[in-house]
Amino acid sequence: MIERLSAVPATRDCLDLAALATLDDRVDALSGALREARKQADAELHRQFEAGTAIRDLVQGRAWVVEQLVLTAWDRLAPSDAGLELCAVGGFGRGELHPHSDVDLLILLPDDDSTDVAALEQFIQVLWDADLHPGQSVRSVEDCVAEARADVGVATNLMESRLMAGGGRLYQQMRERTEAPTLWPADEFFSAKLEEQDQRHEHFEDTVYNLEPNLKEGPGGLRDMQMIAWVTRRHFGTSTLHGLVEHGFLSEREHEDLVAGREHLWRLRWALHETAGRAEERLLFEYQRRLAEQFGFGDCSESNEPVERFMQGYYRNVMQLERLNERLLQSFDEELLAGRRHLPSADIDEFFRIHHGYLELKDPHVLVQYPELIMRMFLVLADHPDVRGVRATSIRLVREHLYLIDADYRCDQRILDMFLALLKRERLVYSQLARMNRYGVLAALLPEFAQITGRMQFDLFHVYTVDQHTLFVIRNLRRFAYAKHPDRFAHAIEIFKRIERPEVLYLAALFHDIAKGRGGDHSELGAEDARAFVDRLDMAAADRDLVVWLVRQHLLMSRTSQREDISDPEVVSAFAEKVGDQRHLDHLFVLTVADIAATSPRLWNSWKDSLLWELYKAATDALGRGLEHPVDRQASLDETREEAMVELRALGHEDDVVEDCWRHLPDRAFLRLDAEQLVWTTGEVLSGGELPLVAYRRLEDKGISEIFVHAEDFAGLFAVVARELDRMQLNVLAARVVTTADGKSWDIFQVMDAHSQPLYDSDAVRLKRSLVEQLAAREVRPLPPRPVPRRLQPFMGRSEIMLSIRDGVTDLEIAATDRPGLLSAIAEALVSRGLRLHDARVATFGQRVEDMFTITTADGGPLDREACDALESELRKRLDV
């Protein structure tokens, strides 16, 4: 009845069992002795881990070590005549423990309540003092049955229990009653565990591609492997995964892949626990570099390449485990849930049929003779939207016959025609491409795509791996086609209606990042890959050229809108010239929106939408006017003035009063500010308020707030404003810094709060009051240093600082990791060097900022080399900490 663990070779030098048998019964002495024994055992297991001992032996060995320590405490402290029984449950019950895993225990009580509770408390306290992390429950058999009936998680834990000490009568009763089919019939057990897994996956956004994945609970993680084992044990009565092979649910190779994948995760988890010094299950950024070096991927101090390759190996492993989990659960679904059998069954053609709602191949041997059926399967699915999916047996057939997708297959015109036909379907394009990716068909068909499968980028800008991001871009394009989420994508949906052949966009999306990680310009390399592929497709030459152009230029619109001054007609004219015509512009706009929105769930917002739309409209005007007739700066300036004057006149302001207000504004103010901003700020100035004047407004359509600062200019004005914005944890999206001829500021700051929302009125009032006080005092009070958030610390590399002279001023460009107080630190550095700020452009890409400042010396001249070097040194002292 008692099921104690057996020693394995890895435990040979871990414990002195004879010494344990002679330990003192006193609680303090016992705790100390067990703690020292645990430390020595853990040190020996660590040595063996570094020496390459098989991880299975280490995981089982640590469970054996802990069992000896627990039993030592139990033998000395548990009342021997109370009828208690000690059981191991959970991972401990399976005989699997990592360096800091919890030790799950169940103490079974007899029905009477005569148990010496104090003795049990001493037992648990000794385990805690020995740093064994016990997770204990104390129950009667009746309690166990009631808890198992109410909670499938408890039922699962008890299913994995084993008796460590005691007579076994209570344990036998508990097992018989909690494993009774009436308590959790196999189909109900499976449904409950499937729902449990779905909820767990939803917590992790239902993707394996999280930046800081959870090895245990995340999709494709160890819990998914346990899910398979639980269902196998409950339905087939076998405690090993190999039982799935014996029952025809797995092939031997798939079983080997499953076990190898689990052991890969075990090894990672062991190293993660040791690196973190606690039971950490998340592969946090701060550990990814260290683990990449520990696992032999190279030095991460000079490049992110080693950590990216390390994480690619992880993602590919869990992706394979997720696919096996998905297929096995579908097999269980077909086997266990008789409720599915009412779904329709019918022949589709000589090769395919629907079996209770799922598509299957009629002949399991047909793929060898007709390998093109692999590709045609996805067309059949696209044409039959009521089909629930593919039968597990057919999924396995596809996976086993991927070797048929060779060079000849990829060049077969029938295959290429089917692939293009899939992209032209009105429905389920993304669903089938995602399915092709899950089955491994997409990577086999496009070897370049295989290189980006599981490829992560070690930054906070790209949330997903490159392959997942690529598919999400296509998903967004399909959402535009279906006019989904009009509140977020109104402009993209509008423009998508003009796209005559959407397959052009899908192909561009498929290739736009396909060269990531190869070195060199991924846009150029991707364009070469796209050219080689589309030239084999039956497409018009103009469409093929457009695909290649979109891949090469897919970053053009986002970079122009966020890094350049799109109010400048010369910037718009240069952009329109690169685009060339309206068709290219329409496609580029839609692809850009889909790309940004697929990079991170939080990256797309109304602000970015408004920037892209403003550039799109300006470029459309330029193309309509003709590139040979660009708008010059003076014409644009005059147009802005006139439009603003009309609005101000309608508001009751006299023309001469407005002109008198404007006469001190430099010409570039009428280029940098749009007519609406000019009307608002002029109205505030004409209101007659005392200086310093601070005003604010919410721009709901852009999802931002604007702060207007009009005050007597002084060297630290920008630093004062930046300090207050930083202090209130506001995200500065853009700054329009203008100094009037009579020495006053006319500055606009576009901001969001920490939740990427416009400011609440109460916060804006508080900011206004504080800014007025600080500006009136003309005192720059530096913010005290704030700690860098944990997630940012691994990315705090050396800032990129570039200084250049242009038209009598100096341009300062800074690219750095965003962090609390960054803008304030830059502004304080300028003040400390006695420099004047004339303009500022702020661009944020995830956690990377790329800011540009136009500065001069105090007397208005450009900085010489000595001043540039001094400024760079000052900036580095403040930024590179």
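**Exercises on sheets, helix packing and buried residues**

Leu-106 stands opposite Ser-137 in strand 3. The structure is a predicted model, in which local features need pLDDT of at least 70 and side-chain atom pairs count only at pLDDT 80 or more, while totals for chains, interfaces and linings use all residues. Residues are numbered from 1 along each chain as its sequence is written, and side-chain values use heavy atoms, with hydrogens and water left out.

**Exercise 1.** Describe the sheet that contains strand 3 and the helix that packs on it.

*Solution.*
Step 1. Helices (H or I, at least four residues) and strands (E, at least two) are DSSP runs, numbered from the N terminus. Two strands pair if DSSP finds at least two bridges between them.
Step 2. The sheet is open and is formed by 4 strands in the order 3-2-1-4, with mixed pairing.
Step 3. Strand 3 (134–140) and strand 4 (162–165) each have a single partner strand, so one side of each lacks a neighbour in the sheet. On average, neighbouring strands of this sheet are turned by 30° against each other, direction ignored.
Step 4. Strand 2 (residues 103–109) and strand 3 run parallel and are joined by 7 bridges.
Step 5. Helix 5 (residues 117–129) packs on the sheet and touches strand 1 (85–88), strand 2 and strand 3; contact means heavy atoms within 4.5 Å. The direction of helix 5 makes about 160° with that of strand 3. Such angles run from 0 to 180 degrees between N-to-C directions, and axes are lines fitted to C-alpha atoms, for helices over the stretch in contact.

**Exercise 2.** Determine how strands 5, 6, 7 and 8 are arranged.

*Solution.*
Step 1. In the order 5-6-7-8, these 4 strands form an open sheet of mixed pairing.
Step 2. The edges are strand 5 (346–347) and strand 8 (389–390); each has a single partner strand, so one side of each is left without a neighbour in the sheet.
Step 3. Strand 5 pairs with strand 6 (residues 352–355) in the antiparallel sense over 2 bridges. Asp-347 has Arg-353 in strand 6 as its bridge partner.
Step 4. Helix 16 (residues 373–383) lies across strand 6, strand 7 (358–361) and strand 8, at about 155° to strand 7.

**Exercise 3.** Characterise the packing of helix 20 and helix 23.

*Solution.*
Step 1. Helix 20 (residues 429–439) and helix 23 (residues 466–481) pack at about 165°, and their axes are 9 Å apart.
Step 2. The two helices are therefore roughly antiparallel (an angle over 145 degrees).
Step 3. Val-429, Tyr-430, Leu-433, Ala-434 and Asn-437 of helix 20 meet residues of helix 23 including Leu-471, Phe-472 and Arg-475.
Step 4. By class, this contact has 7 nonpolar, 1 polar and 3 charged residues. Ala, Val, Leu, Ile, Met, Phe, Trp, Tyr, Cys and Pro count as nonpolar, Asp, Glu, Lys and Arg as charged, and the others, Gly among them, as polar.

**Exercise 4.** Establish whether Leu-759 and Gln-677 are buried or exposed.

*Solution.*
Step 1. Buried means under 20% relative accessible area, exposed over 50%, partly exposed in between (1.4 Å probe, protein chains only).
Step 2. Leu-759, in the loop between strand 12 (747–752) and helix 37 (761–777), counts as buried because its relative accessibility is 2%.
Step 3. Beyond four places in sequence, Leu-759 touches residues including Arg-698, Leu-730 and Leu-767.
Step 4. Gln-677, in helix 35 (residues 675–686), is buried, with a relative accessible area of 5%.

Technical notes: Angles under 35 degrees count as roughly parallel, over 145 as roughly antiparallel, 65 to 115 as roughly perpendicular and the rest as oblique.
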